[in-house]
Amino acid sequence: MAGKAVLTGTYFMNGDEACCEGALAVGCRFFAGYPITPATEVAERMSWRLPEVGGIYIQMEDELASMAAILGASWGGVKAMTSTSGPGFSLMMENIGLGLCTETPCVVCNVQRAGPSTGLPTLVAQGDMMQARWGAHGHYEIIAIVPSSPQEMFDFTIRAFNLSEQYRLPVLIMADEVVGHMNERVVIPPADQIQVVSRKKPSVPPDQYRPYQPGPDGVAPMADFGDGYHMHVTGLTHDERGYPVMDAATQEQMINRIVSKIRDHAHQIISYDAIAMDDAEAAVVAYGISVRSARRAVAEARGRGIRAGLIKLNTVWPFPEEMIRDLAGRVRALVMPEINLGQMVRELERAAAGRCRVRLVPHAGGSIIRPGAIVQAVESALKEA
Amino acid sequence: MPARNEKEILITGFGGQGIVLTGSILGKAATLYDRRHATMTQSYGPEARGGSCSSQVIISEEEILFPYVEQPQVLICMSQEGYDKTKASLVPGGLLIWDTDLVTTRELEPSWTAYQIPATRFAEELGNKMMANIVMLGFLSAVSELVGVDSLRQAVQSSVPAKTRDTNAKAFERGREYGESLLKSRAKKDQGQEQA
């Protein structure tokens with residue numbers, strides 16, 4: 001253990017590296033993964049940084065095993081993560097479902113590239129947003145956060161771990177090739193300025209412990225394997241003791257628990273920034289790397305006297321429905337740039353519920369969106385609205 | 001259209017030449033040592049080596065919103081393919097630099113400031129052609145004012161493997177000296193023309 005977990009200082013570093021440093025700073029000590037462009041640099045840095053701080057790095061045989069390994073590590077009491085891109089994200093889906101069903105805290109970083117299939121391995125897209133929401137089978141709620149810079153790759157990875165520990169579930173970092181590969185200034189604060197949340201431990205004696213009995217916040221305390229508590233972990237529908245019970249009543253109780261713990265705290269989980277919104281007639285609603293296109297577009301639009309503002313989403317799941325509904329009643333148009341042909345815009349339309357015009361600025365992938373395309377969409381939406 | 005006050009630099013070559021590292025060092029010099037703002041993005045194909053590759057750097061006094069280079073003011077070419085593909089993007093009045101032995105330029109836009117340097121040959125003379133990118137950075141430090149020369153020196157030193165620091169420092173100075181002498185001979189030539 002020669003290295004420091006928190007590399008306090010200022011760096012010119014890429015987003016993948018910043019993600020790794022954020023994870024280490026918040027206490028991640030296990031990484032299992034399989035290298036894939038454009039996420040390889042997360043694994044590569046983890047492979048030498050984790051041993052420096054007493055952690056474990058394993059290069060697995062594939063992404064199914066990677067996801068399974070981090071769930072196991074988490075049950076062993078360690079903060080764990082993996083990183084991947086589209087093809088690997090597809091392979092991880094089954095075990096992400098297992099993590100949701102067994103309420104296992106962990107973090108998955110998807111540095112998105114253009115798909116489907118092998119697609120454009122080295123080029124950007126935001127095409128996995130609905131896969132993030134619904135890629136595992138069955139009904140559940142998920143948390144997905146969306147960084148737009150290397151600095152946010154550091155900051156939001158910390159938040160991803162904290163949310164996963166607080167709510168006991170896999171949290172998804174939906175990054176993309178440009179955020180992952182772009183170098184920019186990254187400031188790593190002193191260790192005592194980093195907020196670290198860790199899972200609640202049981203406060204009752206082992207004979208009274210039920211690993212899925214929620215506390216007042218809807219989340220069950222979690223013992224580590226080896227702590228002396230009786231643990232049973234299964235992907236079958238289980239009761240509060242963790243034992244399989246094959247009936248509708250237990251299913252209802254379990255699904256309600258994994259859904260409610262997120263829905264009931266949605267207002268604490270959801271994060272966004274409003275930029276130049278005070279007098280805005282049109283709001284560009286953007287996430288991830290498209291925030292950068294949108295920020296330039298809003299600046300250009302303002303320069304031409306168009307009253308445009310920006311809602312920068314820091315989390316996309318759970319979707320900020322109430323905020324959008326309210327916003328749709330105050331502006332004449334909502335414009336969403338995304339590097340797919342229409343995914344999150346469906347949520348935007350649903351939440352806006354016809355109260356204002358909603359426009360998509362689509363891109364099939366391979367490049368980030370030109371600001372001019374967003375300015376044009378804002379202009380034409382305002383003309384028609 | 002680049003935002004006001006933004007300098008856009010495009011570096012092109014092929015995989016294995018250290019093109020991305022070159023952009024990273026430039027951005028690092030601006031960010032950490034000049035204390036300005038910089039972004040570096042990269043573009044490459046699925047091949048590990050030999051494929052076409054580029055790095056794009058933006059340097060600014062202000063926060064950089066959009067990180068793609070659209071109309072570079074500086075274009076550095078270390079492969080023929082890189083030059084052929086990107087030369088049309090260089091702005092009128094832009095600075096063009098290429099590796100003499102790797103790129104043939106033919107006709108140049110008259111408004112461009114154009115320089116060539118046998119960077120790869122110099123690096124080979126110093127014992128490792130892998131340092132051609134560092135020779136190029138030394139040259140860039142002489143013929144442009146994108147970043148402070150000491151900032152660039154520091155960024156090189158903190159970016160290369162420890163055991164190669166001395167040779168990389170030599171490579172940098174080789175490129176810089178070549179650039180300074182080229183500027184001097186051009187100045188003399190211009191003076192000569194004025195007198196005539």
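Here are a few exercises with worked solutions on a predicted model, covering its domains, its chain interface and its salt bridges.

**Exercise 1. The two domains of chain A**

Work out how chain A is divided, and how much area its domains bury between them.

*Solution.* Start with the bounds: domain 1 of chain A runs over 9-190 and domain 2 over 271-384. Their C-alpha centres lie 26 Å apart. Now look at who takes part in the contact: domain 1 of chain A puts in 28 residues and domain 2 of chain A puts in 24. For the area, recall that the size of an interface is often given as the accessible area lost when the parts come together. Here domain 1 and domain 2 of chain A bury about 2,000 Å² between them, and 60% of that sits on carbon and sulfur atoms.

**Exercise 2. What holds the polar side of that contact?**

Find the salt bridges and polar contacts between domain 1 and domain 2 of chain A, then say which elements of domain 1 face domain 2.

*Solution.* First, the charged pairs: the rule gives two salt bridges across this domain interface. Try A:Glu184 and A:Arg292, whose side chains meet in a salt bridge at 2.7 Å, N to O. Next, the polar contacts: 16 residue pairs turn up between the two domains, counting those with both residues at pLDDT 80 or more.

Then go through the elements on the domain 1 side. Five of them supply at least two residues each: strand 6 (120-124), helix 5 (129-134), strand 7 (143-145), helix 6 (150-167) and helix 7 (177-181) of chain A. Helix 5 of chain A gives the most, with four residues. Finally, sort that side of domain 1 by class, and you get 18 nonpolar, four polar and six charged residues.

**Exercise 3. Chain B against chain A**

Describe the interface of chain B and chain A, and pick out the residues of chain B that lose the most area there.

*Solution.* Count the residues to begin with: 27 from chain B are in contact with 26 from chain A. The two chains bury about 2,200 Å² between them, 56% of it on carbon and sulfur atoms. In chain B, the residues that lose the most area to chain A are B:Leu65, B:Phe66 and B:Tyr68, and together they make up 30% of what that side buries.

On to the polar part. The rule finds eight residue pairs in polar contact across this interface, with both residues at pLDDT 80 or more. Helix 1 (19-33) and strand 2 (37-44) of chain B each supply at least two residues to the side that touches chain A. Strand 2 of chain B gives the most, with seven residues. By class, that side of chain B has 13 nonpolar, eight polar and six charged residues.

**Exercise 4. One residue of strand 2**

Is B:Thr41 buried or exposed? And which residues does B:Thr41 touch?

*Solution.* B:Thr41 lies in strand 2 of chain B. Its relative accessibility is 4%, so B:Thr41 counts as buried, the cut-off being under 20%. Leaving out residues up to four places away in sequence, B:Thr41 touches A:Val178 and A:Met182 from chain A, plus B:Ser54, B:Ser55, B:Gln56, B:Pro67 and B:Tyr68 from chain B.

**Exercise 5. Salt bridges, within and between chains**

Compare where the partners sit in a few of the salt bridges, and find the network that runs across the chains.

*Solution.* The structure holds 35 salt bridges over all chains. Take B:Asp150 and B:Arg153, which meet at 2.9 Å, N to O. They are three residues apart in helix 5 (residues 149-157) of chain B, so about one helical turn separates them. B:Asp150 is partly exposed at 48% relative accessibility, and B:Arg153 is partly exposed at 27%.

The network comes next: salt bridges that share partners join A:Arg296, A:Glu300, A:Arg370, B:Glu6 and B:Glu70. One of its links is B:Glu70 with A:Arg296, at 3.8 Å, N to O. Across the interface of chain B and chain A, the rule finds four salt bridges.

Last, a pair within chain A: A:Arg332 and A:Glu281 form a salt bridge, with their closest N and O atoms 2.8 Å apart. This pair links distant parts of the chain, 51 residues apart: A:Arg332 is in the loop between helix 11 (321-328) and strand 14 (333-338), and A:Glu281 is in the loop between strand 10 (272-275) and strand 11 (282-287). A:Arg332 is partly exposed, at 34% relative accessible area, and A:Glu281 is partly exposed, at 24%.

Terms used:
Residues numbered from 1 in each chain as written. Chains lettered and ligands numbered in written order. Predicted model: local features only at pLDDT ≥ 70, side-chain atom pairs only at ≥ 80, totals over all residues. Heavy atoms only, no water. Domains from an automatic or database assignment. Contact = heavy atoms within 4.5 Å. Buried area = accessible area lost by both parts, 1.4 Å probe. Polar contact = N/O pair within 3.5 Å; in protein donor to acceptor, adjacent residues only side chain to side chain. Nonpolar A, V, L, I, M, F, W, Y, C, P; charged D, E, K, R; others polar. Buried < 20%, exposed > 50% of the residue type's maximum accessible area, 1.4 Å probe, protein only.
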